[in-house]
Amino acid sequence: MVKPEDLVNVVDKESNEIVSFLRDIIRIPSVTGEEGEIQRFISSYLKELGIKLDIFEPDLNELKKHPAYVPVERDYKGRPNVVGILEGSGQGRSIILNGHVDVIPAGPRENWSVDPWGGEIIGESIYGRGASDMKSGIAAMTGALKIIAESGIKLKGKIISEYVVDEELSGHGTLACVLRGYRADGGINLETSSMKLQPASIGRIWYEISVKGKPAGIQNRRNGVNAIDLAYKLKLAIDAYEANRISTLSHPLFPNKEESLPCMVGEFHAGTYPSAFPDTCILRGSLATLPNEDSKRVKDDFMKYLIEVARQDPWMRQQLPDIKYKGYFAEPAEISTEHPLVKTISNAYRFVLKKEPEISGRNGAADIRLLIKYGNTPSIVFGPGDTLQMHATDERVKIEDVINATKILIKTILDWVGYE
């Protein structure tokens, strides 16, 4: 009888295939909005394995009705989700494996020492845009799915593998899977986690603040009110707001609060001409939230705080800044560290690597928020990608981590869903 231990050992024999698959998908420049080619490649690969496929384009009109919808500029024509399904007998627990295929742009070629779309192997690592975030996770879940599918093992529970689009800008790919009815007893999101087990992720709120000063000609500028000066007061207030949150909030999985609770201004746009008085300014930034916070309450508190600051200024109390929440929004999420899924993957980690796993929170938003909150699927982040390599120039991933993650995934899956 085939055992999980046997299939874990198969990973070493399949390592070249897993590495080759990863290099192939890195070579496909699947920047958000251009996921069609990589989805055709993945669906063809899974079809050859005899895996049941569900290929569908997210319905933008349906997404717009959902509270987790984030405004986007493009629809999903030619950008389908790909879901691979391995059916079980129905006598075991089900599991969702989830990963996004889109990546951010590579940026200027001259900033890279390697071809960002080359999938080159240098030393013990594979380089390229998406190598870490998160095509290495895609390769691990595909390798695990392939080895299980080809083993002939009879599963008790179902394996659902979701290859989703548009994670970087919205999370709509995973949300579309939820709306399509995909649910499971447990889920693993193969995002970058530096091989840590992460049953929690922070949330992220983007905001925009418009400030109006008093117009004046450049010669009589002393009679005007400079919007840059006003906006800078708000910027300093936001710095103070961040410092207060860092000093007062806490969560056991997020001990480094400077990393987990950023609240900053990322864009500062003022004026219209070098020799014209700046009477308008726009600030854009983001605010992180912990899993034990309510996003709406945080939004309300932040807005109230900024209005109170503005009212202390003699001009702004008459011309209050316009504060809006625009762009990306992700709620925080978590499951208990005592959840059976966390126990199962921890045991698999110990079996493969012969050491204790590090359990932490993810200092970034992740699609587990959608699986947990709206998909009724308790989920954890675990992936081979190095979190510090996310969106980095010369992005890379260790081959050893990809192979070990595949082994841990196989053991976890089979222990979770069961087999005859």
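Select Met-134 and show its contacts beyond the four neighbouring places on either side in sequence: they are Asn-98, Gly-99, His-100, Leu-190 and Glu-191. The model on screen is a predicted one. Met-134 belongs to helix α5, which covers residues 131-151. Its relative accessibility is 0%, so Met-134 counts as buried. Now add His-391 to the selection and draw a distance between the two C-alpha atoms: it comes to 10.0 Å, although Met-134 and His-391 are 257 residues apart along the chain.

Next, helix α6. Select residues 172-179; seven of the eight residues in this helix are buried, leaving it mostly covered. To colour the buried ones, pick His-172, Gly-173, Thr-174, Leu-175, Ala-176, Cys-177 and Val-178.

What lies over these buried residues? Show strands β1 (52-56), β2 (81-86), β3 (95-100) and β6 (159-164), which are among the elements that cover them. Helices α4 (60-64) and α11 (368-373) are also part of that cover. Asn-98, Gly-99 and His-100, already selected as contacts of Met-134, fall within the range of β3 (95-100).

Step just past the end of α6 to Gly-181, where the backbone takes a positive phi of about 105°.

Stay with α6 for one more residue, Cys-177. Its relative accessible area is 1%, so Cys-177 is buried. Then move to Cys-263, which counts as buried because its relative accessibility is 1%. Which cysteine has the sulfur closest to that of Cys-263? It is Cys-281, but the two sulfurs are 16 Å apart, so the gap is too far for a bond. A disulfide is a covalent link joining the sulfur atoms of two cysteines. Searching the whole structure turns up zero disulfides.

For the last stop, turn to the surface. Select Ile-228, Tyr-232, Leu-236 and Phe-268, and display them as a surface: together they make a nonpolar patch of about 350 Å². Which helix gives the most to the patch? It is α7, residues 227-248, with three residues. Ile-228 is found in this helix. Residues three or four places apart on an α-helix point the same way, because there are 3.6 residues to a turn. Finish on Ile-228 itself: with a relative accessibility of 34%, it counts as partly exposed because the class runs between 20% and 50%. Met-134, where the tour began, counts as buried at 0%.

Conventions:
Residues are numbered from 1 along each chain as its sequence is written. This is a predicted model: local features need pLDDT of at least 70, side-chain atom pairs count only at pLDDT 80 or more; totals for chains, interfaces and linings use all residues. Side-chain values use heavy atoms; hydrogens and water are left out. Helices (H or I, at least four residues) and strands (E, at least two) are DSSP runs, numbered from the N terminus. Buried means under 20% relative accessible area, exposed over 50%, partly exposed in between (1.4 Å probe, protein chains only). Contact means heavy atoms within 4.5 Å. Patches are made of residues with over 30% relative accessible area and no salt bridge: like charges are joined within 9 Å, nonpolar side chains (Val, Leu, Ile, Met, Phe, Trp, Tyr) within 5 Å. Accessible areas come from the Shrake-Rupley method with a 1.4 Å probe; for residues, only the protein chains shown count as cover. A salt bridge is a side-chain nitrogen of Lys or Arg within 4 Å of a carboxyl oxygen of Asp or Glu. A disulfide is a pair of cysteine sulfur atoms within 2.5 Å.
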